[in-house]
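Here are my notes on this model, as numbered points. Please read them with the structure open.

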Amino acid sequence: MNEMKIEGRDFEKDLKSSQDPLILKEWEIIFKKIWGEDIIIKFQDNKIAQLEFGTDAIVQQKTGRKFSVEYKTKRYALKKFNQWPLEIKHHLYLDEDRRYQIKSKEGWLYRSTADYIVFGTLNEEKNKIIEACAITLSPFKDEDFKKNISKLDARFSYTNDPFVQTTIFKLASTDWLKEHANKFFYFKNGSS
């Protein structure tokens, strides 16, 4: 397994950035490309919806059909990598040396109640989404599919506030996601 550490995630800062009105407008553009111009979008701005249910937005089509959506941004520096993170596990620790584990829990991939995950790569200025990849969470979160995910390269992210935590995620290429997703969408620089 090819492992690499990615340091320094700040959840509160990430949450605040994701609620920036400019970025929400960008997500709105992406959602309309996926589900059509005649949709109603309700962004969830509370931690319970986001953390407990893994739902960042509700999209309703003209027909009344609703989709729950979790969206994730990718830093511009990571654009050159044609990969998207599938968060599979969290470990919580008592100490910064990570010797005394409090508990482990599944990552958003397995805990989210969202119908879709939409990834968006930000530009260098962090004010536009220049690339987006959207997939249905099924089959990826299905128990039978875990063996396929376990074959992907692992990465780790570490946080120390408010808890000492290690997050484990697998990297999936755009092509791999397209091959396995029930529904798949990809846009680059505003085109499909």
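1. Start at threonine 159. In this predicted model, threonine 159 stands opposite glutamine 165 in β10. The two strands concerned are β9 (residues 154-159) and β10, which run antiparallel and are joined by 6 bridges. A hairpin of 4 residues links β9 to β10.

2. Now the other partner of this strand. β10 also pairs with strand β5 (residues 83-93), again in the antiparallel sense, over 10 bridges. Lysine 89 is a useful place to look: isoleucine 168 in β10 stands opposite lysine 89.

3. Is β10 mostly covered or mostly exposed? Strand β10 spans residues 164-173, and 9 of its 10 residues are buried. As background, side chains in a regular strand alternate between the two faces of the sheet.

4. Next, the aromatic residues. The structure holds 15 aromatic pairs. One of them joins tryptophan 35 and tyrosine 116: the ring centres are 5.0 Å apart and the planes meet at 80°, so the pair is edge-to-face. The cut-off behind that label is over 60 degrees.

5. What does this pair tie together? Tryptophan 35 lies in helix α2 (residues 21-35), and tyrosine 116 lies in strand β7 (residues 116-122). The pair therefore links parts that are 81 residues apart in sequence.

6. Check the burial of both partners. Buried means under 20% relative accessible area. Tryptophan 35 has 10% relative accessibility, so tryptophan 35 counts as buried. Tyrosine 116 has a relative accessible area of 4%, so tyrosine 116 is buried too.

7. Tyrosine 116 has a further aromatic partner, phenylalanine 185. That pair is tilted, with 6.5 Å centre to centre and 50° between the planes. Phenylalanine 185 sits in strand β11 (residues 184-188) and tyrosine 116 in strand β7, so this contact ties together parts 69 residues apart in sequence. Phenylalanine 185 is partly exposed, because its relative accessible area is 22%.

8. These three residues belong to one aromatic cluster. Its members are Trp27, Phe31, Trp35, Phe43, Phe67, Tyr71, Tyr116 and Phe185. I suggest displaying them together.

9. Finally, two lysines placed over rings. Lysine 74 lies over the face of tryptophan 84, at 4.0 Å from the ring centre. The charged end of lysine 146 sits over the ring of tyrosine 110, 4.4 Å from the centre of that ring.

Definitions and conventions:
Residues are numbered from 1 along each chain as its sequence is written. This is a predicted model: local features need pLDDT of at least 70, side-chain atom pairs count only at pLDDT 80 or more; totals for chains, interfaces and linings use all residues. Side-chain values use heavy atoms; hydrogens and water are left out. Buried means under 20% relative accessible area, exposed over 50%, partly exposed in between (1.4 Å probe, protein chains only). Two strands pair if DSSP finds at least two bridges between them. Rings of Phe, Tyr and Trp (its six-membered ring) pair if their centres lie within 6.5 Å; planes under 30 degrees apart count as stacked, over 60 as edge-to-face and the rest as tilted. A charge sits over a ring if NZ of Lys or CZ of Arg is within 6 Å of the ring centre and within 35 degrees of the ring normal.
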